[in-house]
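Dear colleague,

I am handing over the structure below, and would be glad if you could look through it alongside my notes. What I found follows directly after it.

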Amino acid sequence: METSSPQTTGQKVFLETFGCQSNALESGHVASLLLKDHFSLAPRAEEADVILFNTCSIRQHAEDKVFSRLGQLADWKRDKEGRVIGVLGCMATSYKDQLMERAPHLDMVVGPDQYLKVPEVIRQASRTGQSQVLADFDPVYFPENDPNRLSQPHKAFIEIMKGCDKFCTFCVVPFTRGREVSRPAESVLEEVNRLAQAGVKEVMLLGQNVNSYGLPSFPVRKFNNGQLGEPSSPIPMDKETGLGLKSRGGTLPFPQLLREVGQVPGIGRVRFMTSHPLDLSDELVEVMAEMPTVCQSIHLPVQCGSDRVLKRMGRKYDVAHYLGRVRKLRSAMRDLFITTDLIVGFPGEAEEDFQGTLDLLEEVRYDAVYSFKFSPRLGTPAARMLNRVPEEVQDQRLARLNEKAWNHASESCQARLGLVEEVLVDGPADKTPGAFYGKSRQNRTVVFPGTGYRAGDLVKVKVESHKVANLYGTVLKTNCEL
Ligand code: SF4
């Protein structure tokens with residue numbers, strides 16, 4: 001029989017994460033809360049007493065996977081008393097109690113702003129069998145990294161804002177993550193300083209739209225009679241203007257925050273994600289170009305290359321505005337790495353709209369593209385739109401788009417051949433024995449042969465080949481300084 005030390009609850013938790021970097025950050029946060037509370041982590045579900053899914057609602061496929069995993073666990077739950085199953089993340093706030101109806105063996109549903117309660121909720125569920133749903137928004141709560149329990153010792157994600165006020169017609173985020181709230185700059189800078197003192201060299205500032213960090217909020221738009229209803233996060237309101245205030249405590253405009261983070265001693269690389277093209281200011285471009293610690297890479301989702309479809313998507317910019325922002329970025333930074341998100345088959349997308357997307361790809365020539373077929377999300381305006389594009393047409397368009405995007409990504413890799421990349425080492429390369437891998441300043445994966453490297457080492461690698469999107473080369477210099 002397995003024994004537990006007085007310092008552990010004896011319960012092992014398996015935490016499976018779906019979705020974006022925010023979820024990865026928050027899973028790390030939940031894991032560190034559990035370890036602090038004397039739980040231990042199980043590497044596999046088979047070894048666990050508690051199984052938690054940190055979920056994503058962005059596409060139907062991600063939700064289907066979770067429902068299927070939940071269904072498979074009904075017998076597992078019955079086999080041993082005290083076992084606990086929980087759902088965290090976006091599905092917790094979008095479905096709430098309905099999750100319990102669909103999976104009656106589920107014990108806990110906990111939304112992103114309630115993670116501090118996760119250890120206690122597990123204990124209660126295990127002891128009493130009582131199920132709980134905690135999915136309220138809390139504008140003040142932001143997860144922070146514990147410098148002693150980082151999943152990687154040399155880099156960290158930092159949440160600087162949460163929620164979104166853009167209300168794109170296809171997107172569920174304003175409902176699952178609430179209204180946009182910026183974290184006080186002082187709190188962000190304190191965390192970055194703490195992490196730098198613990199040896200972290202690279203930070204990624206995260207938010208649904210970091211470019212609107214610290215800006216005044218818009219009034220809530222009342223357009224949705226769908227199942228999800230009005231987003232309900234309690235936003236502090238300005239009495240005079242009636243507008244929501246996005247922050248409590250002081251914030252700075254995002255470019256200034258970026259500048260301050262980039263000046264923290266010990267931090268050699270700063271990245272940020274995601275940028276909405278509407279709020280990408282000239283000042284931000286200047287900071288990216290000027291600050292040596294700010295990496296010259298940007299994820300700038302365009303979603304579509306047709307003004308007609310962009311309008312139906314509620315994106316609030318047109319193709320000309322988007323291309324103008326790209327030109328501004330490229331004229332300031334010759335070595336810029338630029339990626340995007342694209343949706344094909346949005347309701348009403350005609351062949352000429354899709355051709356606009358292909359033309360835009362041709363013009364921008366992205367270094368990488370994340371492409372998706374339209375996925376209707378319950379309760380969003382786009383889910384109720386008519387003129388759905390047939391599935392087979394969506395498939396064909398996705399294939400055409402991916403072929404073009406792939407050619408551009410491949411050309412972009414070829415252009416690196418013979419160059420020397422500064423690589424921050426992440427660890428041994430799983431698929432290439434005797435090799436290590438890390439990230440270049442542009443955030444490309446670089447693989448190189450060697451022995452004895454540790455995560456956080458900085459090396460210079462001459463690029464000799466590329467496979468898929470990865471670069472391969474040999475080390476020219478070790479022990480470099482950021
Ligand atoms: S900007 Fe649009 S797509 Fe992005 S999170 Fe906000 S609502 Fe969703």
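The protein chain holds 14 helices and 19 strands, where helices (H or I, at least four residues) and strands (E, at least two) are DSSP runs numbered from the N terminus. Please bear in mind that this is a predicted model, in which local features need pLDDT of at least 70 and side-chain atom pairs count only at pLDDT 80 or more, whereas totals for chains, interfaces and linings use all residues. Residues are numbered from 1 along each chain as its sequence is written.

As to overall dimensions, a compact globule of 482 residues would have a radius of gyration near 23 Å, and the protein chain, with 23 Å, agrees; the radius is taken over C-alpha atoms, and the globule rule is 2.2 Å times the number of residues to the power 0.38.

One open sheet has 3 strands in the order S7-S10-S11, with parallel pairing (two strands pair if DSSP finds at least two bridges between them). Strands S7 (155–159) and S11 (269–273) stand at the edges with a single partner strand each, so one side of each is left without a neighbour in the sheet. The twist from one strand to the next averages 20°, with axes being lines fitted to C-alpha atoms, for helices over the stretch in contact, and angles running from 0 to 180 degrees between N-to-C directions. Strand S10 (residues 202–206) pairs with S11 in the parallel sense over 5 bridges, and Glu202 has Arg269 in S11 as its bridge partner. Helix H1 (residues 21–36) packs on the sheet, touching S7, S10 and S11, and its direction makes about 105° with that of S7; contact requires that the C-beta atoms of two residues, placed from the backbone, lie within 7 Å. Helix H8 (residues 185–197) also packs on the sheet, touching S7 and S10, with its direction at about 170° to that of S7.

Elsewhere, helix H9 (residues 254–262) and helix H10 (residues 282–290) pack at an angle of about 15°, their axes lying 8 Å apart. In this contact, Phe254, Pro255, Leu258 and Arg259 of H9 meet Glu283, Leu284 and Val287 of H10.

Two backbone details deserve a look. The peptide bond from Met273 to Thr274 is cis, with omega near 5°, and Thr274 has its place in the loop between S11 and H10. Lys316, in the loop between helix H11 (307–313) and helix H12 (319–332), has a phi near 70°, a positive value in a residue other than glycine.

With kind regards
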